[in-house]
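Got your viewer open? Here is a short walk through the model, one selection at a time.

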Amino acid sequence: MLPAADDPATRTALAAHQAGALRWLGGGVIAVVLGVLLGAAGSTLVDDGRTVPGLGLAVIVLVLVGLVGVVAGAGALLRTVRWQRALATTPWRTGRLRIAGPAVIAFEPEGFDELDPTAEPVRLQLLSTAVWRTRAVQGLDGGEVRAAPVGNGQWVLGADGLPTLYGAKAARR
């Protein structure tokens, strides 16, 4: 079987995920730099005896929001690299997706027999808490999806026609 990373749709989705991570990282860095520059400008204004109401608050907000963006972007970038490495050696498994709760899903691999009492689907919980991502996955209920384990109880999900990949972890019972 071919590794999942050899699929053109997977490469495109990974590239889109990486681009989003870089946007978050870059936006965060820009916000921090702007906050520092605005703080320096405000300091110069204070030295000259002038004040601008709300300038200190704007500096704090820019720096804090920027730091959140840097952390989110760096985390997403690391996740993309981990997914790329894992998908380079792991083939996709096809199967059906069943929704078990708001962010809990069950992946039934091809050949899964729901009448077999010993057969268990792979129970997963989405990593993302974004409402639009959760709804997109919920819309796949009963549909055919591709899934691949990427280590430490984590999985990547994809489906034909979806422009992105979704991360999930093994759900606790």
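Two strands count as paired if DSSP finds at least two bridges between them. Keep that in mind for the strands later on; also remember that this is a predicted model.

**Stop 1: the annotated stretches.** Select residues 21-42 and 54-78, which UniProt lists as "transmembrane region" in an unreviewed entry. Residues 21-42 are 100% helix and 0% strand, with end C-alpha atoms 31 Å apart. Residues 54-78 come out at 96% helix and 0% strand, and there the end C-alpha atoms are 36 Å apart.

**Stop 2: helix 2.** Now widen your selection to residues 55-87, which make up helix 2. How far apart should its ends be? At 1.5 Å a residue, these 33 residues should span 48 Å, and the end C-alpha atoms are 47 Å apart, so the two values agree. Color the buried residues of helix 2, among them Leu 55, Gly 66, Gly 69, Gly 73, Trp 83 and Leu 87. What covers them? The cover includes helix 1 (8-47), strand 4 (144-151), strand 5 (154-158) and strand 6 (166-170).

**Stop 3: a run of strands.** Select strand 2 (residues 104-109) and strand 3 (residues 122-126), which pair in the antiparallel sense over 4 bridges. Click on Ile 105: its bridge partner in strand 3 is Leu 124. Then look across to strand 6, joined to strand 3 by 3 bridges and also running antiparallel to it. Here Leu 124 stands opposite Ala 170.

**Stop 4: Leu 97.** Leu 97 sits in strand 1 (residues 93-99). Is Leu 97 buried or exposed? Its relative accessibility is 1%, so Leu 97 counts as buried. Show its contacts: leaving out residues up to four places away in sequence, Leu 97 touches Ile 105, Ala 106, Val 137, Leu 140, Asp 141, Gly 142, Gly 143 and Val 145. For a distance to try, pick the C-alpha atoms of Leu 97 and Val 122: these residues are 25 apart along the chain, and the atoms are separated by 9.7 Å.

**Stop 5: helix 3.** One of those contacts, Val 137, is buried in helix 3 (residues 131-138), as are Arg 133 and Thr 134. Turn the view to look down the axis of helix 3: its buried residues fall within an arc of 100 degrees, so they line one face of the helix. On the other side, Trp 132 and Arg 135 are exposed. What do the buried residues of helix 3 pack against? Show helix 1, strand 1, strand 2, strand 3 and strand 6 to see their neighbors.

Key:
Residues numbered from 1 in each chain as written. Predicted model: local features only at pLDDT ≥ 70, side-chain atom pairs only at ≥ 80, totals over all residues. Heavy atoms only, no water. UniProt positions renumbered as here; feature names shortened; annotations may be inferred. Helix = DSSP H or I, 4+ residues; strand = E, 2+ residues; numbered from the N terminus. Expected span 1.5 Å × (residues − 1). Buried < 20%, exposed > 50% of the residue type's maximum accessible area, 1.4 Å probe, protein only. Contact = heavy atoms within 4.5 Å. Arc of directions from axis to C-beta.
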